[in-house]
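Hi everyone, thanks for having me. I'll walk you through one structure today, so have a look at it first and then we'll go through it together.

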Amino acid sequence: MQAETKTTIDRIAGTNGASISVLRFTGDISSTSKDSVLGAWQTVGRNGPVLLDFSKVEYINSSGIALIIQMLMEADKTGQKVAIFGLTPHFQKVFTMVGISKYAGLHRDEPTAAATL
Amino acid sequence: MVKTTGTSVEVRLPSRLGFEKVAMGTAASVAALMGFPAERIEDLKTAVAEACINAIEHGNKLNEKLSVGVILSASDHELEVKVVDNGAGISKQPPAPDIDRKVHGEEDPRGMGMFLIQALVDEAEWVHDSKGTNSYVRLVIRLDKENE
């Protein structure tokens with residue numbers, strides 16, 4: 001019933017030439033996504049900036065939001081910058097309501113998000 | 001437009017995570033028939049999903065022999081959704097989530113469900129049953145909210 005979560009990792013160059021890791025999620029982000037989401041997070045370095053791409057995600061529930069907060073916890077420990085793009089307007093609203101936007105900027109697309117890192 | 005006033009739709013879900021999406025889809029279909037705008041339907045879908053997840057996980061404790069009832073009742077100006085489980089319900093509301101405490105590891109990163117429900121619908125009421133047979137959450141969204 002839950003759409004399996006797939007996470008791929010890309011590297012792109014930021015506006016200043018520094019490498020940015022991009023975690024691209026597909027499917028649902030829910031309690032069953034833990035291994036895919038946090039597993040991918042663990043494989044990216046702890047120093048460089050990270051983009052989270054939700055443009056191919058249709059369903060996120062509170063358990064999925066908790067996984068995103070866990071990534072932000074890790075990032076906060078090392079001062080790692082994180083930005084988010086590709087959320088639907090509804091989930092932009094939800095992420096703002098729960099306070100995620102305080103720790104990761106919410107942007108409409110990848111270039112806009114990358115330019116903030 | 002299909003006449004929806006006075007109609008009731010019921011769905012029974014197994015207590016298995018993922019089946020909240022069946023309730024989401026049903027609620028979205030009824031809300032669309034009533035003429036709710038897309039933005040409000042998205043709010044309702046998330047609130048119904050979170051209510052069903054709570055019922056599956058905390059009310060029925062993932063016991064697949066128990067089902068979660070979802071009853072949608074349409075009237076002229078509002079849609080009421082009751083999500084019924086076999087748990088004892090909650091006797092008091094948990095505190096509002098604090099993102100700073102969560103990010104700093106001082107609070108469980110989970111526990112957003114009830115907050116989201118309250119934030120996304122016009123009315124949310126938790127009714128607990130000490131016998132543990134008929135606790136429910138009642139959600140209401142109103143058609144005229146965007147005109148207020």
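One bit of vocabulary before we start: when I say two residues meet, I mean that their C-beta atoms, placed from the backbone, lie within 7 Å. Also, keep in mind that this is a predicted model.

Okay, chain B. Which residues of helix 2 meet helix 4 there? From helix 2 of chain B we have Asp43(B), Thr46(B), Ala47(B), Glu50(B), Ala51(B), Ile53(B) and Asn54(B), and they meet Gly113(B), Leu116(B), Ile117(B) and Leu120(B) in helix 4 of chain B. Sort that contact by class and you get six nonpolar, three polar and two charged residues.

How do people describe a pair like this? Two packed helices are described by the angle between their axes and the distance between the axes. Here the angle is about 145°, and the axes are 9 Å apart. The crossing is left-handed.

Now, where the chains touch: 20 residues come from chain B and 22 residues from chain A. On the chain B side, helix 2, helix 3 and helix 4 each supply at least two residues, and helix 2 of chain B gives the most, with five.

Over to chain A, which has an open sheet of five strands in the order 1-2-3-4-5, with mixed pairing. Strand 1 and strand 5 of chain A are the edges. Strands 2 and 3 of chain A run parallel, joined by eight bridges, and Ser21(A) stands opposite Val50(A). Finally, helix 2 of chain A packs on the sheet, touching strands 2, 3 and 4 of chain A.

Notes:
Residues numbered from 1 in each chain as written. Chains lettered and ligands numbered in written order. Predicted model: local features only at pLDDT ≥ 70, side-chain atom pairs only at ≥ 80, totals over all residues. Axes fitted to C-alpha atoms, helices over the stretch in contact; angles between N-to-C directions. Helix = DSSP H or I, 4+ residues; strand = E, 2+ residues; numbered from the N terminus. Left-handed = near helix turned anticlockwise from the far one by under 90°. Nonpolar A, V, L, I, M, F, W, Y, C, P; charged D, E, K, R; others polar. Pairing = 2+ DSSP bridges.
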